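User: Please explain the terms used for this structure to a newcomer, setting each value against its definition.

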Amino acid sequence: MSKYVIGIDYGTLSGRASLVDAANGRVLASSVYDYPHAVMDTALPCGTPLAPDWALQHPQDYMDVLDHTLPEILKTSGVNPADVIGIGLDVTASTAMPCKKDGTPLCFLPEYENDPHAYVKLWKHHAAQDKASIMTHVALERGEWWLPAYGGKVSSEWSLPKLWQVLDEAPHIYENMDCWVEATDWIVWQLCSVWMQDSCCAGYKCMYDKERGYPSEDYFAALDERLRHVVREKLWAPVVPIGTRVGSLTQEMAARFGLAPGIAIATGGIDAHVAVMAAGITRPGQMLAIIGTSTCHMLLDTKRLPVPGICGSVGDGIIPGFWGYESGQSCVGDHYAWMTSRFVPEDYHKAAREQGMNIHAYLTSLAEKLTPGESGLLALDWWNGNRSILVDVDLTGMLLGMTLQTKPEEIYRALVEATAYGMRTVVENYAAHGACIDEVYALGGISQKNPMVMQIYADVLGVPVRVVDCEQGGALGSAIMGAVAANAYPDFEQAIHAMGAPVLRVYTPREENVSIYNALYAEYKLLHDYFGRGENDVMKRLKAIRAGARR
C-alpha cells in the first residue's frame with residue numbers, strides 16, 4: 001500500500017502544502033493560502049505605526065495555512081489520512097518571534113498585542129542593521145572563530161541582531177519572553193508539542209556550530225552585558241540535524257486537520273536549503289542556483305572551508321553529514337524587471353501586445369538574436385548591492401558602453417549577462433578556496449521560463465546547467481525530510497534519489513560563445529574589483545551626496 005508525506009513551504013506572502021508519494025516524489029495535490037496579515041511593514045493590525053525598515057508577520061497566519069491547505073490536499077487527492085506517515089516544512093529565515101515556555105507567542109497575549117516587538121520579525125526586517133554592524137565589529141576585534149564561516153560579516157537579516165534589538169528597544173518584551181523561536185521550529189512545536197532548534201536555522205542564522213556550539217558568553221557580554229547568558233536563557237532548546245524526527249502529530253492537531261495522530265514530524269529548515277534535496281543533489285561539486293528576483297546558491301562539501309564572502313557554512317545545515325555552503329546574488333530577476341518597468345519605450349510595449357507576448361518575452365525574442373559582445377555593453381549587477389562575494393549593500397549598478405545607437409534589447413541582454421558574471425565570481429571564489437563546482441542545477445521561475453538566460457549562464461560559467469523539473473522545491477524538499485523522519489528511507493541519499501525531481505533540460509556551453517564570454521568576464525572582473533574592493537568608492541560617495549541632497 002502506498003504511503004504519503006506532506007511538505008509545507010512557508011514563503012513571504014503565502015504558504016503551500018503538497019501531498020507527495022513517498023515512493024517516487026510524485027505530487028498528488030497542492031494547496032496555497034495567502035497570509036491574511038501579509039507583511040506588516042507600516043502598521044500593526046491595531047494601527048500602531050512601524051518605523052522604516054521594519055517587516056513583521058503574524059504567527060496566526062502560519063496556523064491558518066495549515067487549517068486551509070491540509071484538509072484541502074487530503075480532499076483533492078482522495079488519499080486515506082491513515083496512509084500519511086510524515087510531515088516536513090520550511091520557512092524563510094531568519095523569521096523569529098518571542099514566546100512563552102509553552103510556545104505561546106507574546107503577540108497572542110492581550111498585554112502585548114499592541115507592541116511591535118511582540119510579533120514575528122520577518123527575514124527582511126532590516127531595522128537591526130546597527131546591531132549587526134556592531135556584532136561584526138566586535139567579532140573582528142576579538143578574532144571570533146565563527147566569523148570566517150559567515151563570509152566575515154553579520155547580516156541584519158539574521159536572528160541574533162533582531163533579538164538584541166528587542167532587548168535594546170523593548171526590554172520588557174525580552175524579560176517576559178521565555179524563548180526566542182524561529183518560525184520553522186515554532187510551527188513544528190505546534191504540531192507535536194516539542195521545541196527543538198533545527199540545525200539549518202541555528203547554523204545559518206544564529207551562528208551555531210555543531211562542534212563548538214554558539215559564540216561564547218564573553219562575546220555576547222562584549223556586545224551587551226545583558227546578553228551574557230542569552231543562549232541558556234532564550235535559546236535553550238537542543239539543536240538537532242535537519243530531518244530529525246522531533247515528535248508525533250498530537251491528537252488535537254490530527255483532529256483539527258483531518259489527519260491521523262502519531263504522524264512523524266520532522267525538524268524544519270530554510271526554504272532555499274531544503275530545495276537542494278528536491279533538486280536531487282547528494283554530493284560535493286553540485287551547486288544549486290535558485291533563480292528568481294534574487295539568486296541563492298547552495299553547495300555541499302565534506303569539510304568546512306574558510307570561504308570569504310559567503311552567507312555561511314554550516315555542519316548538517318543542508319543534508320546531515322555534509323557542510324552546507326550558502327551564497328547569493330541580491331538582484332537578478334529584479335534586475336530585468338527594473339529594465340522593463342523603467343526604460344522600455346512604448347513602441348516596444350505595443351509590439352509585444354500585438355504579438356501576444358509580455359514585455360520580458362518580447363525583449364528576449366530580440367536579445368537572443370544578438371551574439372555575445374555584439375552590443376558593446378557591460379554591466380555590474382549591483383542594483384541592490386552585492387551579497388556575494390563582496391558583501392556590501394552600498395554598492396550600486398553600472399552600465400558601460402552605451403552610444404546613441406544602443407537599443408533596449410541590448411541593454412536587457414547586458415543585464416542578463418551581468419547576473420551570469422556575478423554567479424561566475426561566486427563559483428570561482430568557491431574553487432579558489434577548495435570547493436570546486438562541476439555541475440550547476442537551477443530551480444526557480446526564470447530557469448524554466450527563459451531558455452536564453454539559461455544558455456547565457458552555461459556559456460559564461462563554462463559548465464552544463466541542469467534545469468530541474470520542479471516548481472515547488474521547498475515543498476518537495478520538506479516532504480523528503482518528512483519521509484526520512486518517518487523512516488521511509490534509511491538516509492537522505494536514498495530518499496533524494498527516489499523522491500528528487502528529474503532534470504527537465506540541460507544547457508551545454510557553446511564553445512563559440514565561451515571564448516567571447518571569457519574575454520567579457522575578464523573586463524567585468526576589472527570593474528568588479530576596481531569599484532567593489534575599495535580602489536574607487538565613487539558609488540558610496542554618490543549615495544552619500546544623494547542622501548544629503550534629499551534631507
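User: What is the order of the strands in the open sheet of 7 strands?

Analyst: In this predicted model, the order is β16-β17-β15-β14-β20-β21-β22, and the pairing is mixed.

User: Why do β16 and β22 stand at the edges?

Analyst: Each has a single partner strand, so β16 (312-315) and β22 (503-507) both keep one side without a neighbour in the sheet. On average, neighbouring strands of this sheet are turned by 25 degrees against each other, direction ignored.

User: How do you know that β16 and β17 are paired?

Analyst: Pairing requires at least two bridges found by DSSP. Between β16 and β17 (residues 323-329) there are 4 bridges, and these strands run antiparallel; the two therefore count as a pair. One of the bridges links Val314 to Gly324 in β17. Helix α6 (residues 199-206) packs on the sheet and touches both β16 and β17, its direction making about 145 degrees with that of β16.

User: Why is α10 called roughly perpendicular to α17?

Analyst: The axes of α10 (residues 271-278) and α17 (residues 473-485) cross at roughly 70 degrees and come within 7 Å. Angles of 65 to 115 degrees count as roughly perpendicular, and therefore α10 receives that description relative to α17.

User: Which residues make the contact, and how many are nonpolar, polar or charged?

Analyst: From α10 come Asp271, Val274, Ala275, Met277 and Ala278, while α17 contributes Gly473, Gly474, Leu476, Gly477, Ser478, Ile480 and Met481. By class, 7 are nonpolar, 4 polar and 1 charged. Asp counts as charged, and Gly is placed among the polar residues.

How values were computed
Residues are numbered from 1 along each chain as its sequence is written. This is a predicted model: local features need pLDDT of at least 70, side-chain atom pairs count only at pLDDT 80 or more; totals for chains, interfaces and linings use all residues. Side-chain values use heavy atoms; hydrogens and water are left out. Axes are lines fitted to C-alpha atoms, for helices over the stretch in contact, and angles run from 0 to 180 degrees between N-to-C directions. Contact means heavy atoms within 4.5 Å. Angles under 35 degrees count as roughly parallel, over 145 as roughly antiparallel, 65 to 115 as roughly perpendicular and the rest as oblique.
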